[in-house]
Amino acid sequence: MIKKFILFGTAVTAIVTGLVSCSHDFEGNNLSQAEIAYRTSFVKTFGVPAADQDWGFGSDETAGARMTRTIQPSYNFPSDAAATKFLAAVPDGVQKLTQNVGRANNYIDETWQGDLNIWGGATAEGNWQDRSGGVLYIKGNCDFSDRSFYFDGNSELYLLEGATLTLNANNAANLQQNTMIYMAAGSKIVTPGELKLNNGLHIYNHGSIEANKLSTNSNSLLYNVGKVTVATKISVENNLSVVVNDGIIMAADLNTAGSGKIENNDSVRITGTTFVNSNDNTWVNNGHYHTGNFIYNAASDEVINNCRLTVDEDFNINLGDNPGNGNFKMDAGSGVVTKNFNGGGNWAKNYSTGRSAFNGGPFYVYMGANSVFKVTGTCTLNATKADYGFYGPETGGYAVLDAKEIKKGADNQGYEVTYGNNLYVYTENHFGNGYSGQYPYIDFKGNAKIFAPGFEDGKPAITIQPSRCCAGFAGSGSEGEGEGGESGDTPELTPDVRIIAEDLSASESSDFDFNDVVFDVTFTSNTSALVTLQAAGGTLPLTVAGVEVHDMFGVSTSTMVNTLAGHKTDYPSVSFEITGIDKSKRGRDIEILVLKGDEWCPLEAHQGIPAAKIAVKPTFVWCDEYEAIESRYPLFRDWVQNREVIWY
């Protein structure tokens, strides 16, 4: 059922007549008791929000789900361990360990005294060549910070839900070969030293790891579904060592070497430098990879950005001399945002994990359709040879190199860059073309064009909408309504954003389910939208842009609509039109009010302050009634404290 009528602005005068308006301001002063209680409860439940947390209203960058890999590397990354490996409790029949033994099939808890020394033993057939420490389950808080933890290799170690294993530096560096470690949700490994994964050691983490340093080497694997926090460096080293991230990884630096391989499917934050420095490296990003610097100083053909790469300072490439033997690939719809880009160039600079020195050098960047490589500062190009440079797709659309300034890395050298295929280059200032002998500074191939003073006028006639994976590009004709980049010719079928809200009652019941009202917003112009109500899980009078949501569904205030498990489509959605809003705010300015006692209080979302409403993608599945949002979406708490986390 669709009811269409016009509401001018978000006036609610008729609804609140005779009631006391809830007095507040956006900075937290003069709040109602309900708002104060809600914010207090929110912080107790989820922690203090990040200062830059915009609750999804600033962009849809962090409101996405994991993206499956599109451009495939030749290496087939492993999958997570079976769900049966992540345990809540000790299996039936397993006894508590009471003394050190050669082979274990036991559990320990916080009552274990002294060193742990499971030294392995022969198999049942007496084969000492196949010795192992067996199986050990860790329960509770097991602190080995001042004692030895030795568990022989070729074994299985299980951290149960809520377990903590604290290892001193010697323990963490001496985990044994070919051991499988399975960490359940809520479990933790903590060490002040380096956590070494050597010689076939595999860790499958659904909990959290905290270490000063972390390294993988010699056929070892870290598969992270939870959270990894490393104070200094993550090193993905030789002999096919692998890191797969389906959760959150945070570290100061990350280095790859030899045949080390890393795949990010969710969120990586490196505050210092990422080094990709081997011809045999594989680096694949299917999520959001954010780093201080990105140094690609080799010629691997397996450096692939399928989604979003953010570089705070320098993105440097210096590849080998053989065409096609090394490049940086960008999938269709993907994005890079960096302050500076250096393709080749004669320069050297020390970074936190090593020195990056270029003496000229070729580079390739291959970009898919609707991908954007954005340089907010200076783009310096010095390819030195023919054919090296930026390439768009051969068919299926254009890619955009969007840079503030593009300059040569050297004079009188020729072949500073080749722009190839369907590529638009847009910049405020581009070095002029010319020749050094018979070699041009700029070589054009295919349909590549430069839009800059001295080249093409204006902006490219292409608009790429911002997304989780791409910052987007506003080309010519994109500002006016109905032109260029306006998305969606059928707004009823293509909502722009979904908003979920909590009616402040969670401060009383701890019921943070964010389903007290759920509605979609489809912008019909820069100042108007269609609001489509999907659910109403609250039992208090609640209005969206002046419209009482229970009335729209035709039910009493005490009736919960479309939030009970198995009954989320009992009531058809209902729609109405509103005006007087600002499309750029993505629904943040659509007023939601709830009646608490005799006060109408707003449900708001201000940066860095506990929010009562959140912007998500239109495909987001809202919580069932009485289902905590953190139960359905365990990364919600991490997202509250770090807006770059992809939480659903």
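**Loops, strands and enclosed spaces in a predicted chain**

Asn219 is placed in the loop between β16 (213-216) and β17. The model in which this residue appears is predicted. The phi angle of Asn219 is near 65 degrees, a positive value in a residue other than glycine. Most residues other than glycine have a negative phi. Asn219 counts as partly exposed because its relative accessibility is 46%, which lies between the limits of 20% for buried and 50% for exposed residues. A second loop residue, Leu240, is found between β19 (233-236) and β20. Leu240 also has a positive phi, near 60 degrees, and is likewise a residue other than glycine. With a relative accessibility of 32%, Leu240 is therefore assigned to the partly exposed class.

The loop that holds Asn219 ends at β17, and the loop that holds Leu240 ends at β20. These two strands, β17 (residues 221-224) and β20, are parallel to each other and are joined by 4 bridges. Within this pairing, Tyr223 is placed opposite Val244 of β20. Strand β20 is also joined to β23 (residues 261-264), again in the parallel sense and through 4 bridges. Here Val243 stands opposite Ile262 of β23. Strand β20 thus has β17 as one partner and β23 as another.

The side chains of β20, which spans residues 242-245, point in two directions. Val242 and Val244 point one way, while Val243 and Asn245 point the other way. All of these residues are buried, in contrast to Leu240 in the preceding loop, which is partly exposed.

An antiparallel pairing is found elsewhere in the chain. Strand β45 (residues 528-535) and strand β48 are paired in the antiparallel sense over 6 bridges. Leu530 has Glu577 of β48 as its bridge partner. Strand β48 covers residues 574-579 and is mostly covered, with 5 of its 6 residues buried.

A further loop position is that of Ala383, between β34 (372-382) and β35 (389-391). Ala383 has a relative accessible area of 0% and so counts as buried, the limit for that class being 20%. The C-alpha atom of Ala383 is separated by 9.7 Å from that of Leu319, a residue 64 positions away along the chain.

For the chain as a whole, 7 helices and 51 strands are assigned. Of its 648 residues, 57% are buried. Among contacts with a separation of 6 or more, 55% are made between residues 24 or more positions apart. The accessible surface of the chain is about 25000 Å², and carbon and sulfur atoms contribute 47% of this area.

Empty space within the model was examined next. Rolling a probe the size of a water molecule over the atoms shows where such space is left. A search of the whole structure yields 3 cavities of 30 Å³ or more. The largest cavity contains about 90 Å³ of space. Its lining consists of 13 residues, and those nearest its centre are Glu35, Arg39, Glu604, Pro610 and Ala612. Helix α2 (residues 33-46) gives the most to this lining, with 3 residues. By class, the residues lining the largest cavity are 9 nonpolar, 1 polar and 3 charged.

The second largest cavity holds about 60 Å³ of space. Strand β8 (residues 149-151) gives the most to its lining, with 3 residues. These are Phe149, Tyr150 and Phe151, and the lining also includes Leu157, Asn174, Leu175, Gln176, Thr179, Ile181 and Leu201. The lining of the second largest cavity comprises 7 nonpolar and 3 polar residues, with no charged residues, whereas that of the largest cavity has 3 charged residues.

Open pockets were considered as well. The volume of the second largest pocket is about 450 Å³. It is lined by 19 residues, of which His206, Val225, Gly226, Pro634 and Leu635 are the closest to its centre. The lining of this pocket is made up of 8 nonpolar, 6 polar and 5 charged residues.

Conventions: Residues numbered from 1 in each chain as written. Predicted model: local features only at pLDDT ≥ 70, side-chain atom pairs only at ≥ 80, totals over all residues. Heavy atoms only, no water. Buried < 20%, exposed > 50% of the residue type's maximum accessible area, 1.4 Å probe, protein only. Pairing = 2+ DSSP bridges. 1 Å grid on protein atoms, 1.4 Å probe; cavity = no way out; pocket = protein on both sides within 12 Å on 5 of 7 lines; lining within 4 Å. Points joined across faces, edges and corners; volume = space filled by probe spheres on them. Nonpolar A, V, L, I, M, F, W, Y, C, P; charged D, E, K, R; others polar. Contact = heavy atoms within 4.5 Å. Areas by Shrake-Rupley, 256 points an atom, 1.4 Å probe, with all protein chains shown as cover.
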